[in-house]
Amino acid sequence: MSQALQSLLDLLDLEQIEENIFRGQSRSAVVPRVFGGQVAAQALVAAGRTVPTDRLPHSLHAYFLRQGDAGAPIVYNVDRTRDGRSFTTRRVVAVQHGKPIFSLSASFQTHEDGLDHQAPMPAAPDPATLPTSQERLTGYDHLDPEVVERFLEAREAIDLRYVDEPPYGKFGEPREPHSQVWFRTNGKLDGVIDAPLLHVVLATYVSDMTLLDSVLLAHGRGGWAIGDVVGASLDHAMWFHRPFRADEWLLYDQESPSAYGGRGLGQARIYTQDGRLAISVIQEGVVRVPR
């Protein structure tokens with residue numbers, strides 16, 4: 001396991017300070033604030049710590065309320081909303097400096113057999129044939145070296161590979177609002193840390209990295225790395241359909257059906273490499289052109 005992945009796992013390993021109250025550390029991301037995927041993943045960890053281990057998340061719905069302070073810890077308060085025979089519901093509020101910055105509702109379910117169908121996996125090249133983040137980012141002379149360094153540091157724990165040029169790699173002309181990314185952790189998860197909930201938490205963390213790319217593509221914008229838009233996540237929803245491993249390749253197939261009123265919508269499906277639909281994701285974010 002890489003040191004970067006171990007550091008990410010440490011970041012997601014919350015301290016319990018009271019029953020239903022947890023504390024997590026935070027760190028800055030590509031932009032000078034707490035990465036939204038970090039808060040969502042930590043909140044899911046907090047919820048999961050109050051749920052029997054035989055129940056895994058099947059959905060989450062979240063709102064980003066305030067910008068997080070990367071220099072301060074985050075306290076997660078868990079409300080044990082309901083414990084049913086098959087489903088468990090939890091609500092989590094993340095607090096910094098006495099104010100809520102994030103809220104999450106998550107539902108957990110025991111395993112059941114039932115009807116089974118799915119949307120087919122779209123065509124995508126083998127991830128082994130695609131350039132790594134290091135190879136892509138260091139090849140862009142138009143990017144500020146400090147921005148490249150922040151990108152690489154933020155994604156050091158995740159092997160993330162774009163199928164086509166990312167928004168910041170090729171911009172100026174509108175493209176189809178569709179983006180594909182392969183991802184997996186930069187190292188295997190095994191031994192005592194190999195818990196099913198951890199794979200779900202890591203996928204939640206990564207899901208906030210690229211979902212609004214398709215909004216930028218539709219308008220030929222380079223994004224936060226270029227500075228031709230400003231934005232932030234507003235809400236985030238995920239449905240976990242089938243088992244998967246975050247340390248094995250997952251295809252993140254993303255598109256944007258709409259942008260209007262300073263907001264852009266991204267929706268996506270995440271597939272295992274053998275074609276099983278594992279996760280559905282929807283996110284809306286603020287996407288504004290600087291004045």
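This passage describes aromatic pairing and the surroundings of two buried residues, glutamine 180 and threonine 210, in a predicted model.

Across the whole structure, 7 aromatic pairs were found. One of these is formed by phenylalanine 35 and tyrosine 205, whose rings meet edge-to-face, with 5.1 Å from centre to centre and 85 degrees between the planes. The two partners come from distant parts of the chain, 170 residues apart: phenylalanine 35 belongs to the loop between strand 2 (21–24) and helix 2 (36–48), whereas tyrosine 205 belongs to helix 5 (residues 196–207). Both phenylalanine 35 and tyrosine 205 are buried. In addition, one aromatic cluster is made up of Tyr140, Phe151, Tyr162 and Tyr168.

Glutamine 180 is situated in strand 8 (residues 178–185). Its relative accessibility is 9%, and it is therefore classed as buried. The side chain of glutamine 180 is joined to that of aspartate 253 by a polar contact of 2.8 Å. Beyond neighbours within four places in sequence, the residues in contact with glutamine 180 include Pro122, Ala123, Ala124, Arg161, Tyr162, Val163 and Tyr252.

Threonine 210 is located in the loop between helix 5 and helix 6 (213–218). With a relative accessible area of 1%, threonine 210 is likewise buried. When residues up to four places away in sequence are not counted, threonine 210 touches Arg155, Leu160, Tyr162, Val181, Tyr252 and Gln254. Tyr162, a member of the aromatic cluster, thus appears among the contacts of glutamine 180 and among those of threonine 210. The C-alpha atoms of threonine 210 and glycine 71 are separated by 24 Å, the two residues being 139 residues apart along the chain.

Note on methods. Residues are numbered from 1 along each chain as its sequence is written. This is a predicted model: local features need pLDDT of at least 70, side-chain atom pairs count only at pLDDT 80 or more; totals for chains, interfaces and linings use all residues. Side-chain values use heavy atoms; hydrogens and water are left out. Rings of Phe, Tyr and Trp (its six-membered ring) pair if their centres lie within 6.5 Å; planes under 30 degrees apart count as stacked, over 60 as edge-to-face and the rest as tilted. Helices (H or I, at least four residues) and strands (E, at least two) are DSSP runs, numbered from the N terminus. Buried means under 20% relative accessible area, exposed over 50%, partly exposed in between (1.4 Å probe, protein chains only). A polar contact is a pair of N or O atoms within 3.5 Å; within protein, one must be able to donate a hydrogen and the other to accept it, and residues adjacent in sequence count only if both atoms are side-chain atoms. Contact means heavy atoms within 4.5 Å.
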